[in-house]
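Please open the model in your viewer with the cartoon and the side chains ready to be switched on and off. The tour below goes from selection to selection and says what is to be found at each stop.

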Amino acid sequence: MQYQIGQIVEGTITGIQPYGAFVSLDEETSGLIHISEISEGFVKDVNHFVHVHDRVKVKIIDFDKATHQARLSLKALHPTAFRKERGRGKASRLPVMKIGFRSLAENLDRWIEEANKGETV
């Protein structure tokens, strides 16, 4: 089978190491889901997400035609809310500040005067 970057394929987990999971795509082609491509969140143990003999759908993020080796991603198939928001042009999920630096601006001159006089607040 011809594999291409961006293609979504199904494979079988053949081995698990601390750094990722090995996947057999067909008799000639294998790949690795690096631990950083397992989930958006922190992954302490790959075994918490996949097990040997599991059938998984993955996205090909790189492919070496000479060696028939693929770099694979599970997390690319499951975009999080943060990723969806970023895709719509939103910069981040930080809360909107209602006060901002207003309290600093209102009090800064007084605090400087008190500091210069040796007073404490």
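A residue is called buried when its relative accessible area is under 20% and exposed when that area is over 50%, with partly exposed in between. Keep in mind throughout that this is a predicted model.

Begin with Tyr 19, which, at 41% relative accessibility, counts as partly exposed. Add Phe 22, which at 31% relative accessibility also counts as partly exposed. Tyr 19 and Phe 22 form an aromatic pair, with 6.1 Å from centre to centre and 90° between the planes, an edge-to-face arrangement.

The structure holds 2 aromatic pairs, and the next selection is Tyr 3 together with Phe 63. Their ring centres lie 5.7 Å apart and their planes meet at 50°, so this pair is tilted. Tyr 3 sits in the segment before β1 and Phe 63 in strand β4, so that the pair links parts of the chain that are 60 residues apart. Are these two residues, Tyr 3 and Phe 63, buried or exposed? Both Tyr 3 and Phe 63 are buried.

Now show the whole chain as a cartoon and follow the elements from the N terminus, where they run β-β-β-β-β-α-α, giving 2 helices and 5 strands. The 5 strands close into a barrel in the order β1-β2-β3-β5-β4, with mixed pairing, and the twist from one strand to the next averages 50°.

Within the barrel, select strand β3, residues 30–34, and β5, which pair in the parallel sense over 4 bridges. Leu 32 is the residue to pick out here, as it stands opposite Arg 71 in β5.

Turn next to the interior, and select Ile 13, Ile 33, Val 50 and Leu 72, the residues with the most contacts inside the largest nonpolar core, which has 20 residues. The elements that give two or more residues to this core are β1 (8–17), β2 (20–24), β4 (55–64) and β5 (69–73), and the largest share, 4 residues, comes from β4.

Which residues does Val 50 contact, leaving aside its neighbours within four places in sequence? Val 50 is in contact with Ile 13, Ile 16, Ala 21, Val 56 and Leu 74.

Finally, colour the chain by accessibility: buried residues make up 25% of its 121 residues. With the surface displayed, the chain exposes about 9000 Å², of which carbon and sulfur atoms supply 54%. Among contacts with a separation of 6 or more, 50% are between residues 24 or more positions apart.

Key. Residues are numbered from 1 along each chain as its sequence is written. This is a predicted model: local features need pLDDT of at least 70, side-chain atom pairs count only at pLDDT 80 or more; totals for chains, interfaces and linings use all residues. Side-chain values use heavy atoms; hydrogens and water are left out. A nonpolar core is a set of buried Ala, Val, Leu, Ile, Met, Phe, Trp, Tyr and Cys residues joined through side-chain atoms within 4.5 Å. Buried means under 20% relative accessible area, exposed over 50%, partly exposed in between (1.4 Å probe, protein chains only). Contact means heavy atoms within 4.5 Å. Two strands pair if DSSP finds at least two bridges between them. Axes are lines fitted to C-alpha atoms, for helices over the stretch in contact, and angles run from 0 to 180 degrees between N-to-C directions. Rings of Phe, Tyr and Trp (its six-membered ring) pair if their centres lie within 6.5 Å; planes under 30 degrees apart count as stacked, over 60 as edge-to-face and the rest as tilted. Accessible areas come from the Shrake-Rupley method with a 1.4 Å probe; for residues, only the protein chains shown count as cover.
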